[in-house]
Amino acid sequence: MLKTYSLTKDTLLVSSESNIKNSSVVYVYGDEREYIESFEHKYNIKIGSILTFDDRVAYDTMIDRNDEKSLLVSLLFPEIREGGHLDNLTASVVFLVFKNKLIIFTKQKLKFIPELLSNMVLRDVNNFMVEVLLKIMQKNFHMMLNELRGIKGKIDDLDSKISTSGPIKPTFGDLLTLQKYMIALSTTYGANHKALDFIKKNFTTINDIDFTTKKIIDEIYDTSDTMDRIILGYSQYLDDLEDMINNMISYQLNMIMKTLTEISIILTIPAIIFGFWGINVDVPFEKSSYGFFAVLIISVILSLICWFWMRRKKYF
């Protein structure tokens, strides 16, 4: 599907989809093969292939038949979903930046893009396509940062579960999910940082670029650095948490084995006594009507003596 926006004074307004050529910004999503293939043929770029990227970005400078310079930039957008697989936790966003037009491609509709574009007020109308791209990228980075902050709450919940219930099966599922989220976000962050370097290199060479636009670039870099520190910290904490769970499991296993060993040692004494009284020779209490109870009491007493002695020696 296509959504088109026209620049009226300093504001982007939704325009008719039939007015694509005169639109300032075009958002393309879903199955628009004919429209995508026209750009692929004209500029010899594989937009369809780039849209399938989930772990890397693409960026390049394009020169059309009139020697006009255009830019191709793609970003990764995190789509954190419960139970999601690693291959669908990110979505690729492709931008074609022309002199007076910006075209945006996504495989699936991303709700934040049309919401952000509708009635967007611009400061630098002469370079509106630069400002629009940077604002989308700024929004992207802020959403990634919010995802990280949401993961902090999930890490705290996981920590509480481990403290109260120990390393039970759901704990492993929660830990695996958080690790998948961190992989998706760290991959998205690293790839987008390269795209941001490319954008800064090309856009800051424009002499009349608005100061506010430069400020947006600096703010995106600050957000990127913050995300870098948070990702490194959370990843390290999750690794330490995994080691702690493994240590708890080992400790529980050792305690189980210790308990089983205690039981086997204590039960060995009655087994020896019962075996001794079962041999085919004359033994004490053989003809007594209370012989069974006497042997049983002797077994219990000797077992208790063994248990207290091993406790005193701190074997148990």
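Which residues does Leu 117 touch, not counting residues up to four places away in sequence? In this predicted model, the list is made up of Tyr 5, Leu 12, Val 25, Ile 104, Val 132 and Ile 136. These contacts offer a handy way into the structure, and the paragraphs below begin with the overall plan before returning to the interior.

The protein contains 7 helices and 7 strands. Read from the N terminus, the order of these elements is β-β-β-α-α-β-β-β-β-α-α-α-α-α. Of its 316 residues, 42% count as buried. About 18100 Å² of the protein is exposed, and 55% of that area is supplied by carbon and sulfur atoms. Contacts also reach along the chain: among those between residues at least 6 apart in sequence, 65% join residues at least 24 apart.

What, then, lies inside? In soluble globular proteins, nonpolar side chains tend to be buried together. Here, the largest nonpolar core has 61 residues, and Leu 117 is one of the four that touch the most other members, along with Phe 95, Leu 102 and Ile 104. At least two residues of this core come from each of β3 (25-29), β5, β6, β7, α3 (112-117), α4 (128-165), α5 (169-203) and α6 (211-276). The largest share, 16 residues, is supplied by α4. Another core, of 20 residues, lies apart from this one, and its members include Val 26, Tyr 43, Ile 47 and Phe 105.

The strands come next, with β6 as a good place to start. Strand β6 (residues 90-97) is largely enclosed by the rest of the structure, because 8 of its 8 residues are buried. Both of its faces are covered: one side carries Thr 90, Ser 92, Val 94 and Leu 96, while the other carries Ala 91, Val 93, Phe 95 and Val 97. Strand β5 (residues 69-78) pairs with β6 in the antiparallel sense over 8 bridges, and Ser 74 stands opposite Val 94 of β6. Like its partner, β5 is mostly covered, with 9 of its 10 residues buried. Strand β7 (residues 102-106) also pairs with β6 in the antiparallel sense, here over 5 bridges. In this pairing, Leu 96 stands opposite Ile 103 of β7. The link from β6 to β7 is a hairpin, made through 4 residues.

Two helices show how one element can have a covered side and an open side. In helix α1 (residues 33-43), the buried residues are Tyr 35, Ile 36, Phe 39, Glu 40 and Tyr 43. Seen down the axis of α1, these residues fall within an arc of 135°, so they line one face of the helix. Glu 34 and His 41 are exposed on the other side of α1. Just after this helix comes Asn 44, with a positive phi near 55°.

Helix α7 (residues 291-312) can be read in the same manner. Its 22 residues reach 32 Å from the first C-alpha to the last, close to the 32 Å expected at 1.5 Å a residue. Buried in α7 are Gly 291, Ala 294, Val 295, Ser 299, Ser 303, Cys 306 and Met 310. Down the axis of α7, the buried residues fall within an arc of 165°, and they therefore line one face of the helix. The face turned away from that buried side carries the exposed residues Ile 297, Ile 305, Phe 308 and Arg 312.

How values were computed. Residues are numbered from 1 along each chain as its sequence is written. This is a predicted model: local features need pLDDT of at least 70, side-chain atom pairs count only at pLDDT 80 or more; totals for chains, interfaces and linings use all residues. Side-chain values use heavy atoms; hydrogens and water are left out. The expected span of a helix is 1.5 Å times one less than its number of residues. Buried means under 20% relative accessible area, exposed over 50%, partly exposed in between (1.4 Å probe, protein chains only). The arc is that of the directions from the helix axis to the C-beta atoms. Contact means heavy atoms within 4.5 Å. Accessible areas come from the Shrake-Rupley method with a 1.4 Å probe; for residues, only the protein chains shown count as cover. Two strands pair if DSSP finds at least two bridges between them. A nonpolar core is a set of buried Ala, Val, Leu, Ile, Met, Phe, Trp, Tyr and Cys residues joined through side-chain atoms within 4.5 Å.
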